[in-house]
Amino acid sequence: MIDRLEKEVDMLERHLQVLRMVIENEPIGIVKMSNETGYPHHKVRYSLRVLEEENLIEPSSQGAITTEQTGEFVDDLDEKIDEIIDKLEGMKIDDAAEIES
């Protein structure tokens, strides 16, 4: 049950790392991103595709670049992550010692 969530968080982390690289180094290509992150080319390519589908990046002849929506997404990101953290904190079973098997 938790394994799927963990995999999704890992994938989100990769997508955001790729987005951060585009923001900081645009235009930037797959090979450079793969070399700097250590992710295989196919995983970088997949993250780029997801980011492009979300209109956060777009391809150019020299590599990936940001879009007009990127800034707004980044501005809202921390708040959304904090909301998710709060929700996950609320899911904890604090008094597990009291649960008898």
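**A walk through the fold, starting at leucine 48**

Start at leucine 48. Setting aside neighbours within four places in sequence, leucine 48 is in contact with Val18, Val22, Ile30, Met33, Ile57 and Ala64. Keep in mind that this is a predicted model. Leucine 48 belongs to helix α3. Is leucine 48 buried or exposed? Its relative accessible area is 11%. Buried means under 20%, so leucine 48 counts as buried.

Now look along the chain. Leucine 48 and leucine 19 are 29 residues apart in sequence. In space, their C-alpha atoms are 7.9 Å apart.

Both leucines take part in the largest nonpolar core. This core has 14 residues. Leu19, Val22, Met33, Leu48, Leu51 and Ile57 touch the most other members. Which elements give two or more residues to this core? They are α1 and α3. The largest share comes from α1, with five residues.

Leucine 51 is another of those core residues. Not counting residues up to four places away in sequence, leucine 51 touches His15, Val18, Leu19, Leu56 and Ile57. Val18 is thus touched by leucine 51, and Val18 is also in contact with leucine 48.

Ile57 leads on to the strands. β1 and β2 pair in the antiparallel sense, over four bridges. One bridge partner can be named: isoleucine 57 faces threonine 66 of β2 as its partner. A hairpin of two residues joins β1 to β2. In general, the side chains of a regular strand alternate between the two faces of the sheet.

Step back to the loop between α3 and β1. Asparagine 55 is found there. Its phi is near 60°, a positive value in a residue other than glycine. Is asparagine 55 buried, exposed or partly exposed? With 44% relative accessibility, asparagine 55 counts as partly exposed.

A second loop lies between α1 and α2, and proline 27 has its place there. What kind of peptide bond joins glutamate 26 and proline 27? The bond is cis, with omega at about -10°.

Helix α2 covers residues 30-37, and serine 34 sits in this helix. Serine 34 has a relative accessible area of 7%, so serine 34 is buried. Which residues does serine 34 contact, leaving aside neighbours within four places in sequence? They are Tyr39, Pro40, His41 and Val44.

Now turn to the empty space. Rolling a probe the size of a water molecule over the atoms shows where such space is left. The largest pocket holds about 250 Å³. α1 (2-25) and α4 (68-91) are the elements that give two or more residues to its lining. The lining consists of Leu5, Glu8, Val9, Leu12, Glu13, Leu16, Ile81, Ile84, Ile85 and Leu88. α1 gives the most, with six residues. By type, the lining has eight nonpolar residues, no polar ones and two charged ones.

The second largest pocket holds about 160 Å³. Its lining has 13 residues. Nearest its centre lie Ile30, Leu48, Glu52, Pro59 and Ala64. Here the elements giving two or more residues are α3 (41-53), β1 (57-60) and β2 (63-66). This lining divides into six nonpolar, three polar and four charged residues.

The path ends where it began. Leucine 48 lies among the residues nearest the centre of the second largest pocket. Two others in that group, Ile30 and Ala64, are in contact with leucine 48.

How values were computed: Residues are numbered from 1 along each chain as its sequence is written. This is a predicted model: local features need pLDDT of at least 70, side-chain atom pairs count only at pLDDT 80 or more; totals for chains, interfaces and linings use all residues. Side-chain values use heavy atoms; hydrogens and water are left out. On a 1 Å grid over the protein atoms alone, a cavity is a set of points where a 1.4 Å probe fits but cannot get out, and a pocket is an open set with protein on both sides within 12 Å along at least five of seven lines; lining residues have an atom within 4 Å of a point. Grid points are joined across faces, edges and corners, and a volume is the space filled by probe spheres set on the points. Ala, Val, Leu, Ile, Met, Phe, Trp, Tyr, Cys and Pro count as nonpolar, Asp, Glu, Lys and Arg as charged, and the others, Gly among them, as polar. Two strands pair if DSSP finds at least two bridges between them. A nonpolar core is a set of buried Ala, Val, Leu, Ile, Met, Phe, Trp, Tyr and Cys residues joined through side-chain atoms within 4.5 Å. Buried means under 20% relative accessible area, exposed over 50%, partly exposed in between (1.4 Å probe, protein chains only). Contact means heavy atoms within 4.5 Å.
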